[in-house]
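Reader: I would like a close look at one helix in this pair of chains, and then at the parts around it. Please take me through it carefully, explaining each term as you use it.

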Amino acid sequence: MNARTKRRITTILAYVLAGIAVILTLFPIFWIFTISIKTQRDAFAMPPVFIFKPIWSNYIKIWQTAGFGAAFRNSIIVTIIGVVLALVVGIPAAYAMNRLPFKGEKSLSIWLLLSYMLPEFLFIIPMYVLYQHIGLYDTQVGLAIVYQVFLLPFAIWLLRGFFADVPIELEEAARIDGCSRLQTLYKIYFPLTAPGIAATAILAAIWIWNELTISLALTFDAARTVTVAVAGFRGYASIDWGSMTAASIVSIIPMFIFAALAQKYIVEGLTLGAVK
Amino acid sequence: MIKRSISIGEGTRQAKSRTGYLYVTPALIILGLTSVFPAVYSLILSLFHWDWGISLDFVGLGNYILYLSDPKFWQVLRQTFYFAIGAVSVELVLGFALALIINRLRWGMGVIRTLLLLPLMVSGIIVSLIWKILLDPTLGIVNYMLSLFGGPKPVWFGAQATAMPSIIMVDTWWQTAFVFIVLSAGLRSLPTEPFEAAEVDGASSLQKFRYLTLPMLRPVLLTVLIFRTIDCLKVFALIFGTTGGGPAQSTEVIQTLAYRTAFKFLFLSRSMTLMVIFSVIILAISLLYLRFGERQTA
């Protein structure tokens, strides 16, 4: 067997294996989707039915189920507040840590890393007690603030990486032309690192949207998010697969749209810290 | 305002440092509230007995002794590590293999990568629900397919022997893409010259992998390993959504135990004690990895 045939065979093998990986990845989501458009009888049929008449009533039903629409809206609001907060607070901090040396910068870096690594419930229980006292329990703002314990380290870490790519000469030139630090940040950094800031915002949004642990403990009704609402369908799970699957699909869709639109940024954001 | 900032810019290091503080102050305030306050509060409260009531009794290290002398605690800790080590090793091997395979493709890499990335976009709780339906012992599609080949009909989440391996399998479906994405970026960032030289010298693929790819990729591998390990030790949603810690507590992990201790049994200070112990363990592991990484690169 010559080298060329050998190479051709390995390429074919690579495609076969990649194909298997794609099928194993997509099939569970596809199957859940088919269940969401089946009648109860079709969903529970054994052997499973592959050809059936699709129904969409499950998708109508979940919006009439107590609280699902409200939870969906809460998730959108918490996501927006959380992302904005992480960027507004994170951008100046990331900038200062790159370009304005100050005492204790190293400690701050370590502190950020620790906040990111430590387990949720270390933060959750004290915040629960505090929030009960100051009235932030079960509020969207309160939840978005607690999320910063993970989002802020994450955002600062990513943004520092992107900001480091901005040539320092450009900043110095702007400063000589009379720009203040804030103006430099606004006029030089924002346009040059816009894709990086977008990547940070998207990854932060995905993280918030999918978060369960903190939301489960710190919300009850008024600020309940979509993940907690979906978890609620689990209670009568064995009976109502239709609602469960339809609710799952509905809450996945916004993230899949993100993935399709911003795949490049997502990959860049996920890999930045590890590869650099 | 502009005048003042110019004078700061031209000023001393001290002035620069002062502006630095100004820029990080908001971050310090938020982190102080969300991470320093809870950590200190937990540390103090872990020395008391408190069950949401009005009485607060100082018990010293009583809560710690309670946990450390309780075989239940060690069992839950063992299960947490069982899950983490199992999931991380499977994901690392599969993700690495996938990165090497996809790297060989000539076309369609972008599409395949996007498709493989999708599970990462799904919330852990939804991943749990998806697999609870797929792995349903009587109505699930997986057992149906197994029956076509005359295979066994496992009860997956329902039996002590198979529950944890099933959750590890679900986590593998969910998170392997992370390992894959990071490692394939790592692979693409490697310089090509050493590989060309090895090719000229007639090195086999296996040799190239062992003596070039592996050592050059070590820092990336280590980063992936740290993040996956810490993430898996903190597992909550997957267990909460699939088994809830059962059957017979065989899949109980530290974070689900903390949740139940605080919110079901209402032993607040005990739950904080558990989290303080667990945080120390996580910090120790992170430091261990960091040390290991430094020695490798030094």
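Author: The buried residues of α12(A) are A:Val226, A:Thr227, A:Val228, A:Ala229, A:Val230, A:Ala231 and A:Phe233, where buried means that 20 or more other C-beta atoms, placed from the backbone, lie within 10 Å of a residue's own, while 12 or fewer make it exposed and anything in between partly exposed. These seven belong to a helix of eight residues, 226-233, which is therefore described as mostly covered; helices here are DSSP runs of H or I with at least four residues, strands are runs of E with at least two, and both are numbered from the N terminus. The model is predicted, and local features need pLDDT of at least 70, side-chain atom pairs count only at pLDDT 80 or more, and totals for chains, interfaces and linings use all residues. Residues are numbered from 1 along each chain as its sequence is written, with chains lettered from A and ligands numbered from 1 in the order in which they are written.

What covers the helix comes from both chains: the buried residues of α12(A) pack against α4 (68-99), α10, α11 (213-218) and α13 (241-261) of chain A, and also against α6 (124-134) and α11 (237-242) of chain B. Contact here requires C-beta atoms, placed from the backbone, within 7 Å of each other. One residue of α4 of chain A is A:Ile76, whose C-alpha atom is separated by 9.0 Å from that of A:Val226, although the two are 150 residues apart along the chain. A:Ile76 itself is partly exposed, with 16 other C-beta atoms within 10 Å.

Another of the partners, α10 of chain A (residues 194-210), also packs with α7 of chain A (residues 140-163), the two axes coming within 10 Å and crossing at roughly 160 degrees, where an axis is a line fitted to C-alpha atoms, for helices over the stretch in contact, and the angle runs from 0 to 180 degrees between N-to-C directions. That angle makes α7(A) roughly antiparallel to α10(A), since under 35 degrees counts as roughly parallel, over 145 as roughly antiparallel, 65 to 115 as roughly perpendicular and the rest as oblique. The crossing of α7(A) and α10(A) is right-handed: the near helix is turned clockwise from the far one by less than a right angle, whereas an anticlockwise turn would be left-handed. On the α7(A) side the residues are A:Tyr147, A:Leu151, A:Phe154, A:Ala155, A:Leu158, A:Leu159 and A:Phe162, and they meet A:Gly196, A:Thr200, A:Ala204, A:Trp207 and A:Ile208 of α10(A). Ten of the residues in this contact are nonpolar, two are polar and none is charged, with Ala, Val, Leu, Ile, Met, Phe, Trp, Tyr, Cys and Pro counted as nonpolar, Asp, Glu, Lys and Arg as charged, and the others, Gly among them, as polar.

Also in α7 of chain A is A:Val141, a partly exposed residue with 14 other C-beta atoms within 10 Å. Leaving aside residues up to four places away in sequence, A:Val141 touches A:Ile81 and A:Leu136, and its C-alpha atom is separated by 9.0 Å from that of A:Ala223, 82 residues apart along the chain.

Since chain B contributes to the surroundings of α12(A), the contact between the chains deserves a look as well. The contact takes 79 residues from chain A and 79 residues from chain B, and α1(A) gives the largest share of the chain A side, 15 residues. That side divides into 57 nonpolar, 17 polar and five charged residues. α1(A) packs against α4 of chain B (residues 71-104) at an angle of about 125 degrees, with the axes 9 Å apart, which makes α1(A) oblique to α4(B). This crossing is left-handed. Here A:Thr10, A:Thr11, A:Ala14, A:Leu17, A:Ala18 and A:Ala21 meet B:Leu98, B:Ile101, B:Ile102 and B:Arg104, a contact made of seven nonpolar residues, two polar and one charged.

Chain B has its own α12, residues 254-263, and eight of its ten residues are buried, so it is largely enclosed by the rest of the structure.

Definitions and conventions: Two residues are in contact if their C-beta atoms, placed from the backbone, lie within 7 Å.
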